[in-house]
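Colleague: I am new to this one, so could you walk me through it at an easy pace?
Modeller: Gladly; let us put it on the screen and begin.

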Amino acid sequence: MAARSADSSGSAEFDEQFPDSGEQIPVSGEQIPVQVLGGPTVLIEYGGLRFLTDPTFDDPGDYPSPSGRTLTKTAPPRTSAAALGPVDVVLLSHDQHADNLDHSGRALLAATPRTLTTPAAAGRLGGGTEPLTPWQSVDLPRPDGGTVTVTAAPALHGPKGSEPLVGEVTGFLLTSADLPSVYVSGDNASLELVQEIADRYAPVDTAVLFAGAPRMPVLDDALLVLDGKGTATAARLLAARRVVPAHCDSWAHFTESRDDVVAAFEQAGLADRLQLD
């Protein structure tokens with residue numbers, strides 16, 4: 001397995017900067033199984049490997065943070081960690097917030113062969129976690145003898161300059177020679193970074209886009225993750241055939257729900273791209 005090295009803004013402003021080109025979004029015949037398990041936790045079966053994003057399997061409850069802010073989980077996961085079955089790789093966008101890695105999620109990391117994440121998170125978690133910097137890739141062997149390439153995609157968990165407060169985050173891209181591509185945004189609020197990803201990888205077959213529009217008063221209520229309108233813009237930039245919204249339920253601090261994402265896609269004329277089950 002070889003590793004290779006390689007701004008957040010309001011949605012309305014980016015609709016002007018990145019208008020709809022009017023081009024037909026390509027349709028792929030391949031269907032990669034993707035299942036949202038609650039919050040940011042998504043199971044992706046790709047190339048015979050089982051990938052899991054940001055594991056959160058705790059029951060509802062409160063999570064006080066060192067900053068004094070308490071995050072409240074409002075709903076249980078749709079599947080328990082025990083019922084999930086074996087996971088080959090965890091794609092961890094970051095570890096510093098409980099809505100992306102809770103107590104049960106941390107226990108799952110210990111039972112998972114590989115966890116790919118940010119350098120900061122890998123330094124804190126240790127164990128089998130492996131750091132990836134933006135655009136760095138790692139090749140994973142497929143059971144059928146092929147290779148899956150996981151590439152770290154840049155992400156920003158708030159407005160530009162908020163990194164010292166919110167910490168380091170990452171997204172991911174899954175590619176393989178005979179499979180359609182999958183993009184996982186992680187907790188990203190920057191459409192500028194989505195444009196950079198699109199410049200390299202569009203059209204993306206499946207985009208797992210984190211939404212929920214969480215905000216933080218200390219950052220003047222700027223978005224920490226995209227809102228519904230922003231995810232619709234991201235889908236258009238990526239020319240995504242299928243969009244799987246995640247990170248828009250089960251937590252009280254989200255200011256938008258899955259219904260808001262659906263409404264934004266309907267308004268943008270992209271509702272047929274959504275996978276909601």
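Colleague: How many bridges join strand E3 to E4?
Modeller: A word on the source first: this is a predicted model, where local features need pLDDT of at least 70, side-chain atom pairs count only at pLDDT 80 or more, and totals for chains, interfaces and linings use all residues. Residues are numbered from 1 along each chain as its sequence is written, and side-chain values use heavy atoms, with hydrogens and water left out. Helices (H or I, at least four residues) and strands (E, at least two) are DSSP runs numbered from the N terminus, and two strands pair if DSSP finds at least two bridges between them. Strand E3, residues 41–46, runs antiparallel to E4, and the bridges that join them number four.

Colleague: Which residue in the turn between E3 and E4 has a positive phi?
Modeller: E3 and E4 form a hairpin with two residues between them. Just before the turn, Tyr-46 has Leu-49 of E4 as its bridge partner. In the turn, the residue with a positive phi, about 60°, is Gly-47.

Colleague: How many residues of strand E4 are buried?
Modeller: Buried means under 20% relative accessible area, exposed means over 50%, and partly exposed lies in between (1.4 Å probe, protein chains only). On one side of E4, Leu-49, Phe-51 and Thr-53 are buried, and on the other side so are Arg-50 and Leu-52. For strand E4, residues 49–53, the count of buried residues is five of five.

Colleague: Which residue in E7 stands opposite Thr-53?
Modeller: E4 and E7 pair in the parallel sense over three bridges. E7 (residues 89–91) is also joined to E8 (residues 114–117), again in parallel, by three bridges. In that pairing with E8, Leu-91 has Leu-116 as its bridge partner. On the E4 side, the residue opposite Thr-53 is Leu-91.

Colleague: Which strands stand at the edges of the sheet, and why is one side of each left without a neighbour?
Modeller: The open sheet has six strands in the order E2-E3-E4-E7-E8-E9, with mixed pairing. Each edge strand has a single partner strand, so one side of it has no neighbour in the sheet; these are E2 (34–38) and E9 (129–131).

Colleague: By what angle are neighbouring strands of this sheet turned against each other on average?
Modeller: Axes are lines fitted to C-alpha atoms, for helices over the stretch in contact, and angles run from 0 to 180 degrees between N-to-C directions. For neighbouring strands of this sheet, with direction ignored, the average is 25°.

Colleague: How far apart are the axes of helices H6 and H7?
Modeller: Two packed helices are described by the angle between their axes and the distance between the axes. H6 and H7 count as roughly parallel because their angle is under 35 degrees (over 145 is roughly antiparallel, 65 to 115 roughly perpendicular, the rest oblique). For H6 (residues 191–201) and H7 (residues 228–238), the angle is about 20° and the distance between the axes is 9 Å.

Colleague: Which residues of H7 make the contact with H6?
Modeller: Contact means heavy atoms within 4.5 Å. H6 brings Leu-191, Val-194, Gln-195, Ile-197 and Ala-198 to it. From H7 come Gly-230, Thr-233, Ala-234, Leu-237 and Leu-238.

Colleague: Is His-247 buried or exposed?
Modeller: His-247 is found in the loop between strand E17 (242–246) and helix H8 (258–268). Leaving aside neighbours within four places in sequence, His-247 is in contact with residues including Gly-39, Asp-99, Phe-210 and Phe-254. With a relative accessibility of 0%, His-247 counts as buried.

Colleague: What is the phi of Trp-135?
Modeller: Most residues other than glycine have a negative phi, and most peptide bonds are trans. His-247 has a positive phi, near 60°. Trp-135, in the loop between E9 and strand E10 (137–141), is buried at 13% relative accessible area. The phi of Trp-135 is also positive, near 75°.

Colleague: Which peptide bond is cis?
Modeller: Look at the loop between H6 and strand E14 (206–210), where Pro-203 has its place. With omega near 0°, the cis bond is the one from Ala-202 to Pro-203.
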